[in-house]
Amino acid sequence: MVQPVVMSKFKTVTWPKVILFGDSITQFSFQANGWGAEIANKLARGKCDVVNRGLSGYNSRWAKLLLPRLINITNAADNNIAAVTVFFGANDCALEDKNPQQHVPLKEYSENLRDISRLLASAGVPADRVIFITPPPVDEPAWEKECILKACPLNRYNSAAGQYAQACVQVASQCGAVALDLWTLMQKDGQDYTVYLSDGLHLSQKGNQFIAQHLWGLLESRVADLPFILPYWGDVDAKSPESSLLCDQ
């Protein structure tokens, strides 16, 4: 007769987390063929849990206020965070006179990113585990069509997105983090960046693939040394699975 296992004797299995923190471009990243889903797929089985904390419409001002509610600032040991992506700016760069609710001045945007970096450090996430992602370029004609459908004027310029992208890269460098500069990479060598956008602001399937590829290039080294939490199936002792599956690793 098989004896029941008293589970209270054993420590709960937890996985390190990769947290994707951002606005709608992050929130939508778990959709089919999304960049977040691709990263989660690469880390599936035993490396990390990928947690989507994308919040549509949010800017860096709101993100800074909210972050202490999303991760444990007071007890860093509980977090077990392998890496964090910080992906804000697409809403911050909205024109103040056309979209004052989302707009954040450039100087404040930079300071908000610094504060986010400091908050993450206090939660046990050093700068070398933080990846800042700049806003992508804006396809103004396509986004203007979206604005007209909502009975509002064009409220974002590509040139403004570029200023916020540059600020994001500068803050990352100052904080000791790395930056994925989408605004520059998507326009490199005069390529048609509009193919990366679905509506002038958010990502197309090709844009999601672009981010997944470039982000994985930065993220892979940050998770490469993490062990698999549970044993490979072929290594489980079939006669005594408890000895393989219930031991603390």
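Start by selecting asparagine 33, which sits in the loop between H1 and H2. Keep in mind as you look around that this is a predicted model. Check the backbone here: asparagine 33 has a positive phi of about 65 degrees, although it is not a glycine.

**Along helix H2**

Now select residues 35-42, which form helix H2. Which residues of this helix are buried? They are Trp35, Gly36 and Ile39. Turn the view until you look down the axis of H2: the buried residues fall within an arc of 100 degrees, so they line one face of the helix. A general point helps here: an α-helix has 3.6 residues a turn, so residues three or four places apart point the same way.

What covers those buried residues of H2? Show strand E1 (17-22), helix H1 (24-27), strand E2 (49-54), strand E3 (81-87) and helix H8 (205-223), which are among the elements that do so.

**Zooming out**

Pull back to see the whole protein. Nine helices and five strands make it up, and if you follow the chain along the sequence you meet them in the pattern β-α-α-β-α-β-α-β-α-α-β-α-α-α. The C-alpha trace spans about 75 × 35 × 35 Å along its principal axes. Of the 249 residues, 45% count as buried. If you switch on a surface, you are looking at an accessible area of about 12,900 Å², with 53% of it belonging to carbon and sulfur atoms. Contacts within the protein often link distant parts of the sequence: among those with a separation of 6 or more, 76% are between residues 24 or more positions apart.

**Asparagine 91 and a pocket**

Next, select asparagine 91, in the loop between E3 and helix H4 (106-122). Is asparagine 91 buried or exposed? It counts as buried, because its relative accessibility is 5%, under the 20% cut-off. Leaving aside neighbours within four places in sequence, asparagine 91 is in contact with Asp23, Gly57, Tyr58, Asn59, Gln102, His103 and Arg156.

Keep asparagine 91 on screen and add Gln102, Trp143, Lys150 and Arg156: these five lie nearest the centre of the second largest pocket, which is lined by 14 residues. That lining divides into four nonpolar, eight polar and two charged residues. The space in the second largest pocket is about 220 Å³.

**Alanine 151**

Move on to alanine 151, in the loop between helix H5 (140-149) and helix H6 (158-175). Alanine 151 has a positive phi of about 60 degrees although it is not a glycine. Alanine 151 is exposed, with a relative accessible area of 74%.

**Leucine 182**

For a contrasting setting, select leucine 182 in helix H7. With a relative accessible area of 0%, leucine 182 is buried. Set aside its neighbours within four places in sequence and you will find leucine 182 in contact with Phe87, Ile133, Thr134, Pro135, Pro136, Pro137, Phe210 and Ile211. You can also draw a distance from leucine 182 to glutamine 31: the two are 151 residues apart in sequence and 20 Å apart in space, C-alpha to C-alpha.

**Last stop: serine 198**

Finish at serine 198, in the loop between helix H7 (182-185) and H8. Which residues does serine 198 contact, leaving aside those within four places in sequence? Look for Leu203 and Ser204. Then add alanine 142: its C-alpha atom is separated from that of serine 198 by 8.6 Å, while their positions lie 56 residues apart along the chain as a sequence separation.

Conventions: Residues are numbered from 1 along each chain as its sequence is written. This is a predicted model: local features need pLDDT of at least 70, side-chain atom pairs count only at pLDDT 80 or more; totals for chains, interfaces and linings use all residues. Side-chain values use heavy atoms; hydrogens and water are left out. On a 1 Å grid over the protein atoms alone, a cavity is a set of points where a 1.4 Å probe fits but cannot get out, and a pocket is an open set with protein on both sides within 12 Å along at least five of seven lines; lining residues have an atom within 4 Å of a point. Grid points are joined across faces, edges and corners, and a volume is the space filled by probe spheres set on the points. Ala, Val, Leu, Ile, Met, Phe, Trp, Tyr, Cys and Pro count as nonpolar, Asp, Glu, Lys and Arg as charged, and the others, Gly among them, as polar. Helices (H or I, at least four residues) and strands (E, at least two) are DSSP runs, numbered from the N terminus. Buried means under 20% relative accessible area, exposed over 50%, partly exposed in between (1.4 Å probe, protein chains only). Contact means heavy atoms within 4.5 Å. Accessible areas come from the Shrake-Rupley method with a 1.4 Å probe; for residues, only the protein chains shown count as cover. The arc is that of the directions from the helix axis to the C-beta atoms.
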